[in-house]
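Got the viewer open? Let's walk through this one stop at a time, selecting as we go.

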Amino acid sequence: MSTATLAHGHEHDHHGPPKGLKRWLYSTNHKDIGTMYLIFALIMLFAGGASAMLIRMELFIPGLQLLEPDLYNNLVTNHALIMIFGAVMPAAAGLANWMIPLMIGAPDMALPRMNNLSFWILPAAATMLILSFVVPFFPGGGSQINTGWTLYPPLSLQVGMSMDFLIFAIHLLGISSILASINIIVTIFNMRTPGMRLMDMPIFVWTWLVTAFLLILVVPVLAGGVTMLLFDRHFGTSFFNAAGGGDPVLFQHLFWFFGHPEVYILILPSFGVLAAIIPTFSRKPLFGYSSLVGSMIAIMCIGMVVWAHHQYTIGLSLGAVSYFMIGTIIISIPVGLMVFNYIATMWRGSMSFEVPMLFAVGILFMFTFGGLTGVMLAVVPADMQYQDSMFVVAHFHYVLMPGAVFGLFAGVFYWLPKWTGHMYDEKLAKIFFWVNVISFNITFFPQHFLGLAGMPRRIVDYNVMFTEFNFVSSVAAMVFGLSHLLLLYIVIKTIRGGKQASARVWEGAKGLEWELPSPPPFHSWTTAPQLAK
Ligand code: CU1
């Protein structure tokens with residue numbers, strides 16, 4: 001092409017959008033970026049799942065089987081960080097990218113090039129994260145990370161250079177999250193279709209608006225905390241070093257000021273998915289729209305001020321622990337209200353149980369159970385006994401697996417026909433659901449008993465009295481881990497072909513002769529048809 005043509009700006013007439021690898025590298029398209037987020041998350045799910053399976057293999061029976069204690073601790077740390085920052089958050093961001101513009105009638109995200117940057121920071125961050133795991137195995141690589149994902153000093157001040165890789169990874173992940181959050185907020189505030197008020201938006205969009213604000217409020221605190229850690233490690237400061245007049249407990253406050261709201265960051269987008277799925281398969285409009293919005297805002301506000309329930313045993317004053325206990329118990333009210341609204345949506349509905357709905361109903365049962373053990377842990381004198389036990393591990397896996405991961409699975413099954421144009425294999429997906437959910441419960445339910453009987457968490461070996469429950473847990477964990485291969489197969493199969501999906505996918509589903517009397521405007525994402533290709 002001559003420079004003259006370029007000067008006249010006719011470039012696009014000749015070339016069109018980039019193809020092949022460039023399509024993905026240069027992409028500013030919310031659907032392409034959403035797809036990349038989801039694929040990235042799926043890869044990380046398998047990486048984080050592999051470390052979890054190694055952990056459970058080691059815990060099959062008492063004694064040391066295949067892992068050195070330091071490697072075990074390293075795997076525990078990496079399992080958490082990869083699952084949280086590599087799998088759940090990017091998968092939720094993938095759903096956000098795909099669905100928010102469609103749901104609010106926007107042509108794309110407000111800041112498409114920044115959207116590209118948010119995604120492409122992730123592979124660099126993941127490389128740093130994986131290097132932090134691998135580096136100690138090279139000569140001169142220093143010790144392995146043995147702190148767990150909470151990175152508490154003084155231990156984290158003593159770890160070798162792998163901790164520096166990890167700190168850099170957290171910086172990159174934080175930048176990616178904050179850019180994505182800014183993009184989501186700007187998109188929601190500025191790009192809604194004319195006439196759509198905030199209170200007209202689908203709840204999924206609301207969950208992401210709240211999540212984006214939470215991320216911007218708390219991620220910088222984590223970034224600041226790990227930066228102070230970096231300074232203590234290399235630049236002679238003593239923020240957390242008691243020998244220099246610092247206080248290791250300060251790091252705990254900074255970490256959990258981020259860490260507790262992070263739980264809601266992981267859960268809220270999945271709760272938004274439920275708000276899309278449950279009305280569809282109940283053939284009823286969503287119950288309690290405004291109370292769902294109110295609950296989310298309450299969760300955001302109260303969730304910011306309950307962080308020290310992770311620190312009851314550090315010697316807080318009686319007044320402080322009382323405050324954090326009461327605050328934590330109060331937060332179960334808006335969370336419970338959200339669950340109530342979903343149950344009320346199903347109440348006397350004409351329900352059918354395709355896979356997205358199976359996950360949705362399962363989530364309500366299992367997440368509520370995880371919430372109940374959370375209330376147990378919030379009670380100070382009880383927590384003094386349970387803290388750092390396997391009971392805590394069982395609790396947060398019951399919160400996060402249903403509350404975050406299963407919700408993302410549900411969203412993928414619900415929207416996959418829209419994204420790919422093909423129906424997934426309902427029979428295989430049902431098998432996946434049952435194997436996945438049953439093996440999940442058999443893996444984690446016994447861990448409650450282990451914790452109550454006194455088995456500590458983050459430990460490579462255990463007393464023989466804990467053998468039976470650990471054995472059961474480990475066997476089920478292998479089934480649980482392997483079941484995700486079926487998920488992978490179903491997704492690939494759907495992308496590559498299969499039965500054509502209709503324009504309004506779920507109206508053709510079993511028992512969907514029922515019709516909405518008058519669908520409320522904008523409350524369903526299908527009501528932005530002007531944008532559907
Ligand atoms: Cu918490």
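Start by selecting Phe85, Ile170, His171, Leu173, Gly174, Ser177, Val219, Leu222 and Ala223: these residues line the second largest cavity. Keep in mind that you're looking at a predicted model. The space inside this cavity comes to about 50 Å³. Colour the selection by helix and you'll see that helix 8 and helix 9 each give at least two residues to this lining, with helix 8 providing the largest share, five residues. Now recolour by residue type: six of the lining residues are nonpolar, three are polar and none is charged.

**Next stop: the largest cavity**

How many cavities of 30 Å³ or more does a search of the whole structure find? The search turns up two. The largest of them holds about 170 Å³ of space, and 16 residues line it. To get your bearings, select Met89, Pro90, Ala93, Ser177 and Leu215, the lining residues that lie nearest its centre. Ser177 should ring a bell, since it is also on the list for the second largest cavity.

Which elements give two or more residues to the lining of the largest cavity? Show helix 5 (69-104), helix 8 (162-190) and helix 9 (203-234), and you have them. Helix 8 again makes the largest contribution here, with six residues. As for the chemistry of this lining, it splits into 13 nonpolar residues, three polar ones and no charged ones.

**Over to the copper ion**

Select the copper ion along with His260, His309 and His310. The ion is coordinated by ND1 of His260 and by NE2 of both His309 and His310, at 1.8 to 2.0 Å. Read along the chain, these donors follow the spacing H-x48-H-H. Show the backbone around them: His260 sits in helix 10 (residues 248-282), while His310 is in the loop between helix 11 (289-303) and helix 12 (318-346), so this pair ties together parts that are 50 residues apart in sequence.

Is His260 buried or exposed? With a relative accessible area of 7%, His260 is buried. His310 has a relative accessibility of 32%, so it counts as partly exposed.

**Last stop: aromatic pairs**

Switch on the aromatic side chains, and expect plenty to look at: the count is 49 aromatic pairs. Two of them make good stops.

First, zoom in on Phe271 and Phe367. Their rings meet edge-to-face, 5.0 Å centre to centre with 65° between the planes. This pair links distant parts of the chain, with Phe271 in helix 10 and Phe367 in helix 13 (residues 355-378), 96 residues apart. So helix 10, which carries the copper ligand His260, turns up here again through Phe271. Both rings belong to buried residues: Phe271 has a relative accessible area of 1%, and Phe367 comes in at 7%.

Then move on to Phe406 and Phe409, a tilted pair at 6.1 Å centre to centre and 35° between the planes. Here you only need one helix on screen, as both residues lie in helix 15 (residues 390-420), three residues apart, or about one turn of the helix. Check the surface over them and you'll find that Phe406 is buried and Phe409 is too.

Methods: Residues numbered from 1 in each chain as written. Predicted model: local features only at pLDDT ≥ 70, side-chain atom pairs only at ≥ 80, totals over all residues. Heavy atoms only, no water. Donors = N, O, S within 2.8 Å, 3.2 Å for Na, K, Ca; no water. Helix = DSSP H or I, 4+ residues; strand = E, 2+ residues; numbered from the N terminus. Buried < 20%, exposed > 50% of the residue type's maximum accessible area, 1.4 Å probe, protein only. Phe/Tyr/Trp six-rings, centres within 6.5 Å; stacked < 30°, edge-to-face > 60°. 1 Å grid on protein atoms, 1.4 Å probe; cavity = no way out; pocket = protein on both sides within 12 Å on 5 of 7 lines; lining within 4 Å. Points joined across faces, edges and corners; volume = space filled by probe spheres on them. Nonpolar A, V, L, I, M, F, W, Y, C, P; charged D, E, K, R; others polar.
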